[in-house]
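Please read this structure with the sequence at hand, moving from the chain as a whole to its helix pairs and then to its interior space.

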Amino acid sequence: MAPAAEMTNLSQMPMMPQPNQVIVLVDPSTFSVTHAAPVSYVTWCPQPAPCQPSFQHLQLPVVPAAAPTSPCGAPCGPAPLSATPRTDVPSDDSEERKQAPRCTASTARRLRRKRAAERAKIANASGAPKLDLDELRAQLKEDPVAALQMMKGHVWAWSRNDLGCRLVQEALETGGREAAELAMELEGHVLEAAMCPHANYVIQKVVSHLSSAASRFVALELQGSVVRVAKHRFACRILCRLLEFCSFSVTSALMDELLVDAAELCAHNFAHHVMESILENGEERHKKLVADVWLLDPRKFATHKNSSYLVEKVLSYCGQSEQDVLVAKLGQPEMILDLALTQFGCYVARAMLRDTRVNSDAAMQLIRGHQSKLEETPHGQRFLVDIGLIQPYPVGSMVAGM
């Protein structure tokens, strides 16, 4: 077949992948070879004018041709282009990413805490005591001085370990000069220890079992970070122990720093425990400050999940003037009913009914008139049981939306 006929009939040739073949492009006017390249496959797109085929439709894949060599065998000329391998890289908006389940904020927090605990466990595994714990415990009872001597130099490492912290706590419970010397090894680490899930118990023992002079360094190292400490799930316990066991000379500066944010702390998940301890064990001026903040908007705080715990403390430990203001604002029958209808205010309503300064008979009469509405919710049912209007429900029978 003539070359022109071959070029004309290219459209009728099947273009399948043919390894180790070469495509040759020929000029139809002169029948001279214009291009030649090795290919793995060729895609043919027929043109409207088959008598004058266009060579632009021949899409040649980037396959390197054999590099020409010199007579000595060394390659010459420009380096051949290398082919880019095809890879299936999933994009950011792939179906797998789109269908990935998303967890809630509370679940994410739990997972973060779990991962942090696992990292801390791995990091502190080397701090576990190498000695036999039962043997050391027995020695603490028989010869505490010798046992405490063996523990010196290991207190900080063991305090961060779940097993070692128990042993350190038992050693601190012995009290005395030797225990105080062990506690000195925690100096410079109080803030870190307060936020550790294990070492915070050791700091609590330092405060509760050692003298004020031996535990004073704890309060000193918390200054400047007391608000952060009060909001921490573990560290807030340290402030509670300081208020319970230390004198005002030790805690006064800490409370002055803390109560700048009293309104926020009363409603905080963990700091409200510190506010309760202030009302129980703090100075009178600090108690008044907390009560005054609470009384700025008593209904708001009374119906909040966390700050509602403070009402009984105010009624029990604050001055007479603060208690009278609280009773005047929350002790009216209509307000007691309003609180009883809310999930957390019902506990405040129950506390107000127990106060002798409240007209409980008028409040109970109003509550009986709205008993059916209270019975519609689980917290309303619990409130009615607590004040004796109904008998306790069988377990599992309290359901919302009856």
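The paragraphs below go from the overall fold to three helix pairs, and then to a buried helix and the cavity beside it.

The model shown here is predicted, and its chain comes to 25 helices and 2 strands in secondary structure. Of the 402 residues in the chain, 38% count as buried. Among the contacts with a separation of 6 or more, 60% are accounted for by residues that lie 24 or more positions apart.

A convenient place to begin is a set of helix pairs. Two packed helices are described by the angle between their axes and the distance between the axes. Helix α7, which covers residues 164-173, packs with helix α10, residues 199-209, at an angle of about 5°, and the two axes are 9 Å apart. Because the angle is under 35 degrees, α7 and α10 count as roughly parallel to each other. From α7 the contact draws on C165, V168, Q169, L172 and E173, while α10 contributes Y201, V202, K205, V206 and H209. Sorted by class, this contact holds 6 nonpolar, 2 polar and 2 charged residues. An α-helix has 3.6 residues a turn, so residues three or four places apart point the same way.

The surroundings of α7 extend beyond this one partner. The helix is mostly covered, with 7 of its 10 residues buried, and the buried residues are G164, C165, L167, V168, Q169, A171 and L172. These buried residues of α7 pack against α4 (133-142), α5 (144-151), α6 (155-159), α8 and α10. Just after α7 along the chain, G175 takes a positive phi of about 65°. Helix α8, spanning residues 176-183, is where E178 is found. Is the charged residue E178 buried or exposed? E178 has a relative accessible area of 17%, and because buried means under 20%, E178 is classed as buried. When its neighbours within four places in sequence are left aside, E178 is in contact with V145 and L148.

A second pair is formed by helix α11, residues 212-222, and helix α14, residues 248-258, which pack at an angle of about 10° with their axes 9 Å apart. These two helices are therefore also roughly parallel to each other. In this contact R216, A219 and L222 of α11 meet S249, V250 and L254 of α14, and the residues divide into 4 nonpolar, 1 polar and 1 charged.

The third pair lies further along the chain, where the axes of helix α16 (residues 271-281) and α19 come within 9 Å and cross at roughly 10°. With that crossing angle, α16 and α19 are therefore roughly parallel to each other. On the α16 side the residues are H272, M275, E276, L279 and E280, and they meet L310, K313, V314 and Y317 in α19. By class, this contact has 5 nonpolar, 1 polar and 3 charged residues.

Helix α19 also appears around α22, the next helix to consider. Of the 9 residues in α22, 8 are buried, which leaves the helix mostly covered. The buried residues are G345, C346, V348, A349, R350, A351, M352 and L353. What covers them includes α18 (298-302), α19 (310-317), α20 (320-330), α21 (333-340), α23 (360-369) and α25.

Within α22, C346 can be followed in detail. At 5% relative accessibility, C346 counts as buried. Which residues does C346 contact, leaving aside its neighbours within four places in sequence? They are L339, A340, H379 and F383. Although C346 and H379 are 33 residues apart along the chain, their C-alpha atoms are separated by 7.3 Å.

These residues lead to the interior space of the model. Rolling a probe the size of a water molecule over the atoms shows where empty space is left. A search of the whole structure finds 1 cavity of 30 Å³ or more, and about 50 Å³ of space lies in the largest cavity. Its lining consists of C346, Y347, R350, H379, R382, F383 and D386. The elements that give two or more residues to this lining are α22 (345-353) and α25 (378-386), and α25 supplies the largest share, 4 residues. The lining residues divide into 3 nonpolar, 1 polar and 3 charged. C346 and R350, both in this lining, are also among the buried residues of α22.

Key
Residues numbered from 1 in each chain as written. Predicted model: local features only at pLDDT ≥ 70, side-chain atom pairs only at ≥ 80, totals over all residues. Heavy atoms only, no water. 1 Å grid on protein atoms, 1.4 Å probe; cavity = no way out; pocket = protein on both sides within 12 Å on 5 of 7 lines; lining within 4 Å. Points joined across faces, edges and corners; volume = space filled by probe spheres on them. Nonpolar A, V, L, I, M, F, W, Y, C, P; charged D, E, K, R; others polar. Axes fitted to C-alpha atoms, helices over the stretch in contact; angles between N-to-C directions. Parallel < 35°, antiparallel > 145°, perpendicular 65-115°, else oblique. Contact = heavy atoms within 4.5 Å. Buried < 20%, exposed > 50% of the residue type's maximum accessible area, 1.4 Å probe, protein only.
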